[in-house]
Number of protein chains: 2
Amino acid sequence: MIERLCIIGVGLIGGSLARALREAAYVKEIVGSSRSAEHLQKAVDLGVIDRYDTDAYKAVQGAELVFVSVPLGAMAAVFEAIKDALADGAVVTDGGSAKASVVEGVKKALGTMPAWFVPGHPIAGTEQSGVEASFADLYKGRRIILTPTAETDAEAVKKVRAMWEATGASVNEMDVEHHDEVLAATSHLPHMLAFTLVESLARMSEQREIFEYAAGGFRDFTRIASSDPVMWRDICLANRNALLAMVGNFRDDLDDLTSAIRDQDAGRILRIFQDAKAARDAFAG
Amino acid sequence: MIERLCIIGVGLIGGSLARALREAAYVKEIVGSSRSAEHLQKAVDLGVIDRYDTDAYKAVQGAELVFVSVPLGAMAAVFEAIKDALADGAVVTDGGSAKASVVEGVKKALGTMPAWFVPGHPIAGTEQSGVEASFADLYKGRRIILTPTAETDAEAVKKVRAMWEATGASVNEMDVEHHDEVLAATSHLPHMLAFTLVESLARMSEQREIFEYAAGGFRDFTRIASSDPVMWRDICLANRNALLAMVGNFRDDLDDLTSAIRDQDAGRILRIFQDAKAARDAFAG
């Protein structure tokens, strides 16, 4: 049970955490913070948070646990703002989709990697954003990755793990670099491809007609291109190295398939498609 | 009302057409044909067709309308097999996902483009295949593209249009080349990307772990990689030119985004993502 939780950035991710912990009766009081009083008031009206302060320094005071859920580009500034206001024994965790950049940003802002910070990432979300899109079941059956560093306090990790488990999620730990590679592969690269494809088609002269003839598969394939552009810009920049490596791999593989099609190499094309189908069916099975 | 319809290739597409026309009471008798008596018997057992003949030459005899729904690589051979068995006034249409290759194949097999052939393509489907996956509502509210050539009889087009409208679909006409470009953009290229991505990740050493951390967006994005490999191999080969042009465009755009990320050009990345989101939200409304 958490006496007081402070959530900085009360959108889809932060709002859904609040709702899930309330539903599990795992939290007594939730204080929200962000730059927009209007958004925070909406979160109060929706019953997601109890009260708010747009000043993060004030919002975190007396909180047992702090969840930072702001775009990656705004992370370091938040840590800088709250570092001197945290209660003794307070634990801070985050929801950033790339971990090396957050850890580096925090180290730089604070001059050291604090023992009370547990870098984390809930592998959940929809293409929606905002507190209106939040719901209590978002984390049910999903994975949370925690990436503690050598400096992270083991008790702090336990506390964060218990919080996420209360939402119905399962928690895994891995190191920062590995997290960033795995997420570049399964999330950041697919988003790049979907954004690129839709933007590419939108620039074609017959765009309206083209989209009219798009079938259900295209709709599913491009759903993630409706995701928040600012958030994804930040992710691409924050996880630049892992993402560029993954794009390089993908591009080589796309070139392979392209040349197989150019050469009319039916056997090679079929092998690629069969391997892909087998892998997709195995993991989605 | 169709007195006798012959469907050559009774899978998801052919089977769903049969079910839809039966439900609309638009057909009296449906004769199936394919190479597999076992599959055809299953289609009879499911009530999708009334009877079958594995010999297409025999199956089409006396049919008023023939729907050819076989992989693109098998199209020309079917036309060759049935051409001398068609009843006077019989109309033939197909469901091939690329039209130039079908038209060329038929011309080559028959020595001429017959007036009784109406090239067509229902823009509908799922990643499933086989008659077990067929359902009567597949075409409801979907688009059918007919690509008649200069040689095609206008009455034959009317007949095929009426058949598709009876399934609840809306019918558009466009020329063969334009169809192939539009489909390369909205269907064939996305399938290439999805197959490539999944195959690329499956070859990474941590593949099992990687797929474990894939969230819902990845699942949607890669659903089309579960599609039938043989069918998609044939589509890639059949629509090679339009597809290669489209892959070239996409690759240039992916390179643009990649260099924006490498250069940490936040403004350029954001513009691309915003344009994509605006286009996606507009068409998916």
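Here is a walk through this predicted model, from a single chain to the place where two chains meet.

Let us begin with chain A on its own. Chain A is built from 12 helices and nine strands. Its radius of gyration is 21 Å, close to the 19 Å that the globule rule gives for 285 residues, so chain A is as compact as a globular protein of that length. If you line the chain up along its principal axes, the C-alpha atoms fill a box of roughly 65 × 40 × 35 Å. Of the 285 residues in chain A, 52% are buried. You can also ask how far along the chain the partners in a contact lie. Among contacts in chain A with a separation of 6 or more, 77% join residues 24 or more positions apart.

Next, try to see the parts within the chain. The domain assignment divides chain A into domain 1, covering 2–174, and domain 2, covering 178–284. Their C-alpha centres lie 30 Å apart. Where the two domains of chain A touch, 14 residues of domain 1 are in contact with 16 residues of domain 2. On the domain 1 side of this meeting place there are six nonpolar, six polar and two charged residues.

Now zoom in on one helix, α4 of chain A, which spans residues 75–82. Which of its residues are buried? They are A:Met75, A:Val78, A:Phe79 and A:Ile82. Looking down the axis of α4(A), you would find the buried residues within an arc of 100°, so they line one face of the helix. Several elements of chain A help to cover these buried residues, including the strands β1 (2–8), β4 (65–68) and β5 (91–94). The helices α3 (56–59) and α5 (100–110) of chain A are also part of that cover.

With chain A in mind, bring in chain B. A rotation of 180°, with 0.0 Å of shift along its axis, superposes chain A on chain B with an RMSD of 0.0 Å. The two copies are thus related as by a two-fold rotation axis. Which residue of chain A has its C-alpha nearest the axis? That residue is A:Phe221, with its C-alpha 2.0 Å from the axis.

How do the copies touch? In the interface, 72 residues of chain A are in contact with 71 residues of chain B. The elements of chain A that give two or more residues to its side are β8 (143–146), α7 (176–202), α8 (207–212), α9 (216–222), α10 (229–238), α11 (240–262) and α12 (266–284). Helix α7(A) gives the most, with 16 residues. By residue type, the chain A side divides into 45 nonpolar, 12 polar and 15 charged. Since 99% of the interface residues of chain A are also interface residues in chain B, the copies meet through the same surface.

To finish, visit one residue in the other copy. B:Ala194 sits in helix α7 (residues 176–202) of chain B. Is B:Ala194 buried or exposed? It has 26 C-beta neighbours inside 10 Å, and 20 or more make a residue buried, so B:Ala194 counts as buried. Setting aside neighbours within four places in sequence, B:Ala194 is in contact with B:Phe221, B:Thr222, B:Ile224 and B:Ala225, and also with A:Phe221. B:Ile224 is 30 residues from B:Ala194 along the chain, yet their C-alpha atoms are separated by 6.6 Å. You have met A:Phe221 before: its C-alpha is the one in chain A nearest the axis.

Methods. Residues numbered from 1 in each chain as written. Chains lettered and ligands numbered in written order. Predicted model: local features only at pLDDT ≥ 70, side-chain atom pairs only at ≥ 80, totals over all residues. Least-squares fit on C-alpha atoms with pLDDT ≥ 70 in both. Contact = placed C-beta atoms within 7 Å. Domains from an automatic or database assignment. Nonpolar A, V, L, I, M, F, W, Y, C, P; charged D, E, K, R; others polar. Helix = DSSP H or I, 4+ residues; strand = E, 2+ residues; numbered from the N terminus. Rg over C-alpha atoms; globule rule 2.2 N^0.38 Å. Buried ≥ 20, exposed ≤ 12 C-beta atoms within 10 Å, placed from the backbone. Arc of directions from axis to C-beta.
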